[in-house]
Amino acid sequence: MESLGELERTALEQLWDAAGPLTPGELRDRLAIGDQRGLALTTVMTVLSRLEKKGFVARDRTVRPATYAPVSAREEYVAELMHDALGAAGDRTEALARFVGRASADETAALRRLLGLD
Amino acid sequence: MILAAVLLAILAVLLAWPVPLALARSSWPDRAPGTALLLWQAIALAGVLSLIGSLLVAGLAPYGAHPVAAIRVLTGDALRGAVPQGTTTGSALALAAAILLGAHLVLNLVATVVRTERQRARHRSLVLLLSAPMPETPRTRVLDATAPIAYCLPGTARSLTVLSAGLLALLSEQEVQGVVEHERAHLRQHHALVLVAFRAWRIALPWFPVASRAQDAVGLLTEMLADDQARRTVPDPVLARAIAIVASGGGAPGVPLEDAAAADPVSVGRRVRRLVSPASAPRAVRAVVPIAAVALVVVPPVLLAMPSFTG
């Protein structure tokens, strides 16, 4: 059994890959591929409502059954994530403790020579 | 009380400028990062306590010989709606400054902690949605990115270590192990708590350049402490190589080095050099500095409370 967090990730990936908004049933069918047991519809609903609460998917209530679509494209989230992770966001990224910051080309060349890497 | 106010003010000035500058310039912290981190925290805490303390003592001086008695007189009069007897413009200003500064620092700390937590929560949810779990390594995620990246996300029960696919491709298995141990040490030793306090201090005192130096120094010391934990698992040269390779970006495309102006080249060099030629701190430093750190924090409250100074 995958954790709920991993299910959220695969569900969102399916929604990104889909041509348009999906109903919970359609999403369950897509998630069932490669998984013999399949998922209960209630589990899919739980995953979708968690994603909705976090602001990653939006529900369209005007149609029945309601459909779900990602709020933003995957690329936008990847850009935001990388912006933080690479330390380009200034003060904001102080929330993360990176293994090592980037050094200047001169300094790293000196270090690489010191360690015999080049 | 004037003697106490003057002594606290002298201590505040010393801790605001010459002492932290001397510490930032000295070389022993690289050899005893834990001791140096303790001293930085003591300087920050004692500096703030003595500054607020000296203003408080000066502000309370007209109302009584002892601060506690003076506060009783002050609040008693204030509750009756009367201006306490003996109040001067100077004492009122000092008292107001003490209260404002104290409130400013406390509120800033709370605001910084809340903002940092919110940023981490947002980043954590992005990481969980966009990265894959690393096989056989709990609480570790792999980002699908070519640049070599490694960092940790603290969280009470949900801390995460994040590595990029580029980092895994660039480093040997043992070097990766060193990186993972380094990040775990940050999480285990709760470095994020110290860092957020110094971050808040810098944000609260933008006109005070030493706060920014202190934040940089403390950040580097936590890196060295994490390196020292990683050294217990992987040999020093392996860790040094990992640091140098990641710092140089491994020649990863798409990430111009100019973007990394915020990165401090000196800190990378200092981390690598202490691994290449390790040395232990002078015995005097190891013996004296912890005592000095404790004494620094104890002195301001003692000056505030002791009748021989306040009487």
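## A tour of chains A and B

Start by selecting B:Y151, which stands opposite B:V162 in strand 4 of chain B. Strands here are DSSP runs of E with at least two residues, helices are DSSP runs of H or I with at least four residues, and both are numbered from the N terminus. This is a predicted model, in which local features need pLDDT of at least 70 and side-chain atom pairs count only at pLDDT 80 or more, while totals for chains, interfaces and linings use all residues. Residues are numbered from 1 along each chain as its sequence is written, chains are lettered from A and ligands numbered from 1 in the order in which they are written, and side-chain values use heavy atoms, with hydrogens and water left out.

**Strands 3 and 4 of chain B**

Select residues 150-153 and 160-164 of chain B: these are strand 3 and strand 4, paired in the antiparallel sense over 4 bridges. Two strands pair if DSSP finds at least two bridges between them. Next to look at is B:C152, whose bridge partner in strand 4 of chain B is B:T161. The hairpin from strand 3 to strand 4 of chain B passes through 6 residues.

Stay on strand 4 of chain B. Is strand 4 of chain B enclosed or open? Of its 5 residues, 5 are buried, so strand 4 of chain B is largely enclosed by the rest of the structure. Buried means under 20% relative accessible area, exposed over 50%, and partly exposed in between (1.4 Å probe, protein chains only). The burial covers both faces: B:L160, B:V162 and B:S164 lie on one side, and B:T161 and B:L163 on the other.

**The sheet across two chains**

Now add strand 2 of chain B, which runs parallel to strand 4 of chain B and is joined to it by 4 bridges. Within this pair, B:V142 has B:L163 as its bridge partner. Widen the selection to the open sheet of 5 strands, with mixed pairing and the order 3(A)-3(B)-4(B)-2(B)-1(B). Its edge strands, each pairing on one side only, are strand 3 (97-98) of chain A and strand 1 (131-133) of chain B. Show helix 4 (residues 74-85) of chain A as well: this helix packs on the sheet, touching strand 3 of chain A together with strand 2 (140-143) and strand 3 of chain B.

**Chain A**

Color chain A by secondary structure to find 5 helices and 3 strands. Along the sequence the pattern is α-α-α-β-β-α-β-α. Select residues 57-60 and 67-70 of chain A, which are strand 1 and strand 2, paired in the antiparallel sense over 4 bridges. A:V57 in this pair stands opposite A:P70, and a hairpin of 6 residues joins the two strands. Of the 118 residues of chain A, 40% count as buried.

**Chain B as a whole**

Return to chain B, which has 13 helices and 4 strands. Its C-alpha trace spans about 75 × 45 × 35 Å along its principal axes. Of its 311 residues, 49% count as buried.

**Last stop: B:R25**

Select B:R25, found in helix 2 (residues 18-25) of chain B. Is B:R25 buried or exposed? B:R25 is exposed, with a relative accessible area of 63%. Add B:A217 to the selection: this residue is 192 residues apart from B:R25 along the chain, and their C-alpha atoms are separated by 9.9 Å.

Methods:
Contact means heavy atoms within 4.5 Å. Axes are lines fitted to C-alpha atoms, for helices over the stretch in contact, and angles run from 0 to 180 degrees between N-to-C directions.
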